[in-house]
Protein chains: 2
Amino acid sequence: MSKSAKNSKSHPSAEPGDDIEEVIVEHIRTRVLIGALPPGTKLGEELLAETFGVTRSRIRQCLQRLSYEQLVELKANRGAFIASPGIKDAKDIFEARRVIERVTTEIVARTVLTHRLRDLRRKVDAQETAALHGNRKMAITEAGDFHRRLSSLAHNAALAGALEPLILRTALIFGLYGNSGAMFSVAEHHHRILDLIEIGDSNEAASAMERCLYALEGNLDLRRVGDAAVDVRRVLQRIL
Amino acid sequence: MSKSAKNSKSHPSAEPGDDIEEVIVEHIRTRVLIGALPPGTKLGEELLAETFGVTRSRIRQCLQRLSYEQLVELKANRGAFIASPGIKDAKDIFEARRVIERVTTEIVARTVLTHRLRDLRRKVDAQETAALHGNRKMAITEAGDFHRRLSSLAHNAALAGALEPLILRTALIFGLYGNSGAMFSVAEHHHRILDLIEIGDSNEAASAMERCLYALEGNLDLRRVGDAAVDVRRVLQRIL
DNA sequence: TGGGCACGGATTGTCGACAATCTTGATGAT
DNA sequence: ATCATCAAGATTGTCGACAATCCGTGCCCA
């Protein structure tokens with residue numbers, strides 16, 4: 001193993017040094033969410049430090065943040081592993097999402113100015129085409145973003161903050177138990193939700209959101225999938 | 001050999017070293033929640049390290065955890081300060097709590113075995129006597145615990161996890177804007193909620209919880225209180 | 001053969017020292 | 001007097017080295 005990773009000036013640096021951690025966290029996060037790093041995968045500190053060209057202390061901070069989000073599990077003296085939510089976790093998370101998003105959707109339908117929905121509509125379009133092209137990764141991230149942005153339109157930081165980790169974990173769950181076929185149906189649900197918000201029917205919009213989440217949960221294939229071993233370094237390599 | 005003879009130091013040690021941080025975090029947390037450390041107070045790392053007899057790195061971790069709970073705000077290169085939630089924060093938090101706790105209460109009323117409520121009832125009693133004796137600190141912590149434990153009876157980790165930080169921040173808010181007179185009325189609300197859960201009236205129980213939270217919010221005196229300076233070391237001194 | 005047991009290598013956890021940044025207070029020019 | 005500037009001290013941020021712990025391997029003995 002040549003230590004050619006010393007390329008100090010090729011990709012890392014140039015970062016203000018403060019949000020370099022945010023970049024790393026986001027990088028790992030997306031890889032986890034699209035399923036490139038299956039649950040159970042070990043994230044060795046030294047390994048990550050080398051691939052990102054930073055010190056171990058910094059990696060340590062990143063892992064801690066990811067563990068706050070419950071995307072990785074930190075076992076004492078053992079290391080960091082991609083979290084592996086169980087069936088019960090999935091069930092709880094979906095129920096919690098229905099509770100929260102039903103309300104945020106209702107609020108948005110009552111209060112939002114329709115022109116604020118244009119970005120959202122475009123996002124669903126992007127998600128739809130991604131699903132049609134079988135681009136699972138983009139479909140998942142776009143779908144998550146849809147829910148995230150919709151919730152932010154309710155202008156309630158506490159509700160959005162409570163929802164955020166649930167959205168993250170949902171993506172992780174979908175990477176685990178997800179059924180690819182559901183992606184297209186989700187886009188349809190999202191379009192329908194937007195339609196109902198646009199005409200200001202808050203009750204129906206909330207119900208549509210609830211149905212969307214039920215459908216999502218119903219599409220899960222909850223048989224445990226064996227953990228496939230992956231080359232962590234290769235998956236995380238190209239940082240940008 | 002005696003297992004306790006090893007560490008007879010003044011205050012710290014004797015901790016397995018792993019959850020010593022948890023002890024420190026909890027210690028600071030309670031002090032914040034009972035209002036002994038007013039919002040805006042600076043928590044210097046060196047100072048905390050000395051008073052707890054640990055290294056700065058440890059304190060650093062603790063502060064990071066507290067900042068994740070949004071009880072302290074971490075300003076880059078400036079230090080850690082007790083968080084100071086604004087009016088809008090308070091409003092959002094109460095709305096979010098109503099959304100979540102309405103549901104958890106409803107679930108509990110439908111599913112819980114009544115003998116499971118005895119601890120809860122005792123807790124409300126404790127809270128009531130604390131309120132009567134003007135023991136504000138205990139009343140606040142007991143009230144928080146009531147909501148926390150009640151939510152855990154719904155057996156939904158996601159909902160409980162989403163609620164937890166809201167309960168914490170509510171206590172902080174109450175320490176800031178709280179009206180002491182409300183404490184007694186809160187205990188009454190709690191008794192009433194338990195009554196309704198016991199007879200299995202889930203709708204009324206949920207409504208009672210909602211009213212409890214509305215009452216709580218209504219009792220806030222939202223004029224900004226000037227930050228009183230405190231001696232951080234003295235407040236945190238007696239650990240254990 | 002199979003189950004401890006100890007040892008060496010690898011990995012995580014902790015610490016103290018140093019670098020970077022902010023705060024304070026004094027200085028001086030307008 | 002007011003404000004800008006700038007050093008000196010105090011505080012936070014980062015790093016590399018060392019300590020503690022874990023894991024796989026080979027050995028020993030029943």
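1. Let's start with the protein surface near DNA strand D, where "near" means that a heavy atom of the residue lies within 4 Å of the strand. By class, this surface has one nonpolar, seven polar and seven charged residues. For the classes, Ala, Val, Leu, Ile, Met, Phe, Trp, Tyr, Cys and Pro count as nonpolar, Asp, Glu, Lys and Arg as charged, and the others, Gly among them, as polar. Please keep in mind that this is a predicted model: local features need pLDDT of at least 70 and side-chain atom pairs count only at pLDDT 80 or more, while totals for chains, interfaces and linings use all residues. Residues are numbered from 1 along each chain as its sequence is written, chains are lettered from A and ligands numbered from 1 in the order in which they are written, and side-chain values use heavy atoms, with hydrogens and water left out.

2. Which residues are closest to DNA strand D? Among the 15 residues that surround DNA strand D, the closest are Thr55(A), Arg78(A), Arg56(B), Arg60(B) and Asn77(B). Both chains take part through a helix: α3 of chain A and α3 of chain B each supply at least two residues of this surface. Helices here are DSSP runs (H or I, at least four residues), numbered from the N terminus.

3. Now look at which part of DNA strand D meets the protein. Of its atoms within 4 Å of the protein, 76% belong to sugar or phosphate, and the rest to bases. Three polar contacts (pairs of N or O atoms within 3.5 Å; within protein, one must be able to donate a hydrogen and the other to accept it, and residues adjacent in sequence count only if both atoms are side-chain atoms) are good ones to find on your screen. An N or O atom in the side chain of Arg78(A) is 2.3 Å from a phosphate oxygen of DNA strand D. Polar backbone atoms of Asn77(B) and Glu45(B) also reach phosphate oxygens of the strand, at 3.0 Å for Asn77(B) and 3.3 Å for Glu45(B).

4. Next comes DNA strand C. It is surrounded by 15 residues, the closest being Arg56(A), Arg60(A), Thr55(B), Arg58(B) and Arg78(B). Sugar and phosphate make up 76% of the atoms of DNA strand C that come within 4 Å of the protein. The surface near DNA strand C holds one nonpolar, seven polar and seven charged residues, and α3 (56-68) of chain A and α3 of chain B each give at least two residues to it.

5. What does Arg56(A) reach on DNA strand C? An N or O atom in the side chain of Arg56(A) is 2.7 Å from a base nitrogen. Arg58(B) has a polar side-chain atom 2.9 Å from a phosphate oxygen of DNA strand C, whereas a polar side-chain atom of Asn77(B) lies 3.4 Å from a sugar or linking oxygen.

6. Let's move to the place where the two protein chains meet. Chain A and chain B each bring 22 residues to the contact (heavy atoms within 4.5 Å). The buried area, meaning the accessible area (1.4 Å probe) that the two parts lose on being put together, summed over both, is about 1,700 Å², with carbon and sulfur atoms giving 59%. In chain B, Tyr68(B), Val99(B) and Ala158(B) lose the most area to chain A, together 26% of what that side buries.

7. How many salt bridges cross this interface? The rule (a side-chain nitrogen of Lys or Arg within 4 Å of a carboxyl oxygen of Asp or Glu) finds zero between chain B and chain A. There are, however, nine residue pairs in polar contact between the chains (both at pLDDT 80 or more). On the side of chain B that touches chain A, α4(B) gives the most, with nine residues. That side divides into 13 nonpolar, four polar and five charged residues.

8. Finally, the symmetry. A turn of 180 degrees and a shift of 0.0 Å along the axis lay chain B on chain A with an RMSD of 0.0 Å (least squares on the C-alpha atoms of residues with pLDDT of at least 70 in both). That is the relation of a two-fold axis. The same surface serves both copies, as 95% of the contact residues of chain B recur in chain A.
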